[in-house]
Amino acid sequence: MTAAGAAEQANIDCSCVTLNIDDLGYRLDLAVGRAGFGASLMKTHPHLFAASPVFMAAPTLADMKRVVDAVEAVVRIPGYREVVLGCGLP
């Protein structure tokens, strides 16, 4: 079985415990040192945390990392940032 196939099968067969969203919010509050931070973050970024684990093959994760690295490299270019920020609403 390929790594991608194994990851897909793990996602299908997983009987995983789901995320305790309240506990996560509490722990984020503690880590940041600000009450309500976790709830606020999850409200503004509802898809930041998965409710259950997601398995993926290492090559897939590496591909995703390359995309993120490329986007981060582009947004650090001052000329790009000027153009993009200049196109926004006042």
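Start with the whole chain in view. Its radius of gyration (taken over C-alpha atoms) is 18 Å. A compact globule of 90 residues would have a value near 12 Å, by the rule of 2.2 Å times the number of residues to the power 0.38. This is a predicted model, in which local features need pLDDT of at least 70 and side-chain atom pairs count only at pLDDT 80 or more, while totals for chains, interfaces and linings use all residues. Residues are numbered from 1 along each chain as its sequence is written, and side-chain values use heavy atoms, with hydrogens and water left out.

Stay with the full view and show the C-alpha trace. Along its principal axes, the trace spans about 50 × 40 × 20 Å.

Now switch to cartoon. The protein chain has five helices and zero strands. Helices (H or I, at least four residues) and strands (E, at least two) are DSSP runs, numbered from the N terminus. Read from that end, the order is α-α-α-α-α.

Turn on the surface. The protein chain exposes about 7300 Å², an area from the Shrake-Rupley method with a 1.4 Å probe, where for residues only the protein chains shown count as cover. Carbon and sulfur atoms supply 65% of this exposed area. Buried residues (under 20% relative accessible area; exposed is over 50%, partly exposed in between; 1.4 Å probe, protein chains only) make up 11% of the 90 residues.

Colour the charges next. Lys and Arg count as positive, Asp and Glu as negative; His and the chain ends are not counted. There are 7 positive and 9 negative side chains. The centres of the two sets lie 9 Å apart, with each charge placed at NZ of Lys, CZ of Arg, CG of Asp or CD of Glu.

Hide the surface and go inside. Which residues make up the largest nonpolar core? Select Leu24, Leu28, Phe37, Leu41 and Met42: five residues in all. Helix 2 (21-32) and helix 3 (37-44) each supply at least two residues of this core. Helix 3 gives the largest share, three residues. A nonpolar core is a set of buried Ala, Val, Leu, Ile, Met, Phe, Trp, Tyr and Cys residues joined through side-chain atoms within 4.5 Å. In soluble globular proteins, nonpolar side chains tend to be buried together.

Centre on Met42. Leaving aside neighbours within four places in sequence, Met42 is in contact (heavy atoms within 4.5 Å) with Ile21, Leu24, Gly25, Leu28 and Phe49.

Move to the loop between helix 2 and helix 3, and pick Gly36. Gly36 is partly exposed, with a relative accessible area of 37%. Select Gly25 as well: the two are eleven residues apart in sequence and 7.7 Å apart in space, C-alpha to C-alpha.

Arg34 is in the loop between helix 2 and helix 3. Is Arg34 partly exposed or buried? Arg34 counts as partly exposed because its relative accessibility is 48%. Draw a line from Arg34 to Asp63: 29 residues apart in sequence, 35 Å C-alpha to C-alpha.

Step into helix 3 for Ala39. At 53% relative accessibility, Ala39 counts as exposed. From Ala39 to Thr60 is 21 residues in sequence and 30 Å in space, C-alpha to C-alpha.

End at helix 1 (residues 3-13) and click Ala6. Ala6 is partly exposed, at 37% relative accessible area. Ala6 and Ala57 are 51 residues apart along the chain, yet their C-alpha atoms are separated by 7.6 Å.
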